[in-house]
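Have your viewer ready and follow along, one selection at a time. We will visit the enclosed spaces, then an open pocket, and end with two pairs of helices.

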Amino acid sequence: MKVYLNGELVDKESALISVFDHGYLYGDGVFEGIRAYNGIIFKLREHLDRLYRSAHMIMLEIPLAKVKMQEAVIATMKANNLKDAYIRVVVSRGEGDLGLDPRKCKNPNVVIITDKIVLYPQELYEKGMEIITVPTRRNIPEAINPQIKSLNYLNNILAKIEAINSGYQEAVMLNHDGLVVECTGDNIFILKENVLLTPPAYLGALKGITRDTVIELARKKGIEVKEDVITRYDLYNAQECFLTGTAAEIVPVVKIDGRVIGNGKPGKITLQLIEDFRELTIRDGVAVY
Ligand code: PXG
């Protein structure tokens, strides 16, 4: 496997970074997770735009222009002969000393890993997922804004641990007011009174690219979509529920904290959106070959 490291494609074994990199010492850096379907990179521009916004927010200057980054992503995929891929772009603060001061880190490290995708079993999409709410609250936007896709994912990892400890694979995270915001690596939608609802980003959710895509697909189908507050009461009484994310795509949810959602099977609108989304992924994006 070849990995892109600061302008070069090197063997995986030689893709090494200093333990003095502040990405390692402090989680000081940003990343994106992107997918390619049949040689076409889905929403590449949107992902790179978000990467550069995350970096701008933490005053990290990415040492290559966006077009060059796009070329680098394409070159890495080609070097690995991949058509269906999971792409991870990571920019860390770079090597410094043991103090926090990011100004001491002169050279950010840019890494692009392209690998095969590990998919959720098909059964999950047919039968739906059971999830739970967990005690760990989502970071308040005034502390670490969830829009920054940073290397500091402990907030989400703590929630994931709580879900796993209880025997579930995904957790619903509430914000400091107890409102539903998102899951550990996915956004959440419910159908309530035939309107599709998802929490507004300002409550503490990452504005997911899959989320935006699903909103657009639903509106095209004539389904009303609103960004609105969702309480646990709304969640348990939803007609349908699903999660969205680059890795998971759209996953139906059929039980939350023991409450059956709808009739306990993936909902009609959820299944329709899964179909529409899959169709979009195979034809929309930046062609590699
Ligand atoms: N919320 C959070 C906290 C996320 O990290 C999403 C929502 C969905 O966003 P997108 O833009 O993907 O629709 C994410 C995305 C990984 C991985 O390897 C994580 C994400 C995306 C891709 C891979 O864990 N998180």
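## Stop one: the cavities

Searching the whole structure turns up three cavities of 30 Å³ or more. Keep in mind as you look around that this is a predicted model.

Which residues line the largest cavity? Select Arg138, Asn139, Ile144, Asn145, Pro146, Ile148, Lys149, Ser150, Asn152, Tyr153, Asn156 and Leu206, and you have its lining. The space inside the largest cavity comes to about 70 Å³. Colour that lining by class and you will find five nonpolar, five polar and two charged residues.

Now move to the second largest cavity, with a volume of about 50 Å³. Select Arg35, Tyr37, Phe42, His47, Ile209, Thr210, Gly245, Thr246 and Phe277 to show its lining. Strand S3 and helix H6 are the elements that give two or more residues to this lining. By class, the second largest cavity is lined by four nonpolar, four polar and one charged residues.

## Stop two: the largest pocket

Next, clear the selection and pick Tyr86, Lys149, Gly185, Asp186 and Ala247. Among the 31 residues that line the largest pocket, these five lie nearest its centre. The volume of the largest pocket is about 700 Å³. Lys149 may look familiar, since it was also on the list for the largest cavity.

To see which elements build the pocket's lining, select strand S3 (29–37), strand S5 (85–92), helix H5 (154–165), strand S9 (180–183), H6 and strand S13 (240–245); each supplies at least two residues. Which element gives the largest share of the lining? That is H5, with three residues. Colouring the pocket lining by class gives twelve nonpolar, ten polar and nine charged residues.

## Stop three: H6 against H8

H6 has come up twice, so stay with it. Select residues 209–220 for H6 and 268–281 for H8: their axes come within 10 Å and cross at roughly 110°. That angle is why H6 counts as roughly perpendicular to H8. The crossing of H6 past H8 is right-handed.

For the contact itself, show side chains for Thr210, Thr213, Val214, Leu217 and Ala218 on H6, and for Leu273, Asp276, Phe277 and Leu280 on H8. Six of these contact residues are nonpolar, two are polar and one is charged. Two of them should ring a bell: Thr210 and Phe277 also line the second largest cavity.

## Stop four: H2 against H3

For the last stop, select helix H2 (residues 44–57) and helix H3 (residues 66–79). Their axes are 11 Å apart, and the helices pack at an angle of about 125°. H2 and H3 are therefore oblique to each other. This crossing, too, is right-handed.

Which residues make the contact between H2 and H3? From H2, show Leu44, Leu48, Asp49, Leu51 and Tyr52; from H3, add Lys66, Met69, Gln70 and Val73. Coloured by class, this contact has six nonpolar, one polar and two charged residues.

Conventions
Residues numbered from 1 in each chain as written. Predicted model: local features only at pLDDT ≥ 70, side-chain atom pairs only at ≥ 80, totals over all residues. Heavy atoms only, no water. Axes fitted to C-alpha atoms, helices over the stretch in contact; angles between N-to-C directions. Helix = DSSP H or I, 4+ residues; strand = E, 2+ residues; numbered from the N terminus. Parallel < 35°, antiparallel > 145°, perpendicular 65-115°, else oblique. Left-handed = near helix turned anticlockwise from the far one by under 90°. Contact = heavy atoms within 4.5 Å. Nonpolar A, V, L, I, M, F, W, Y, C, P; charged D, E, K, R; others polar. 1 Å grid on protein atoms, 1.4 Å probe; cavity = no way out; pocket = protein on both sides within 12 Å on 5 of 7 lines; lining within 4 Å. Points joined across faces, edges and corners; volume = space filled by probe spheres on them.
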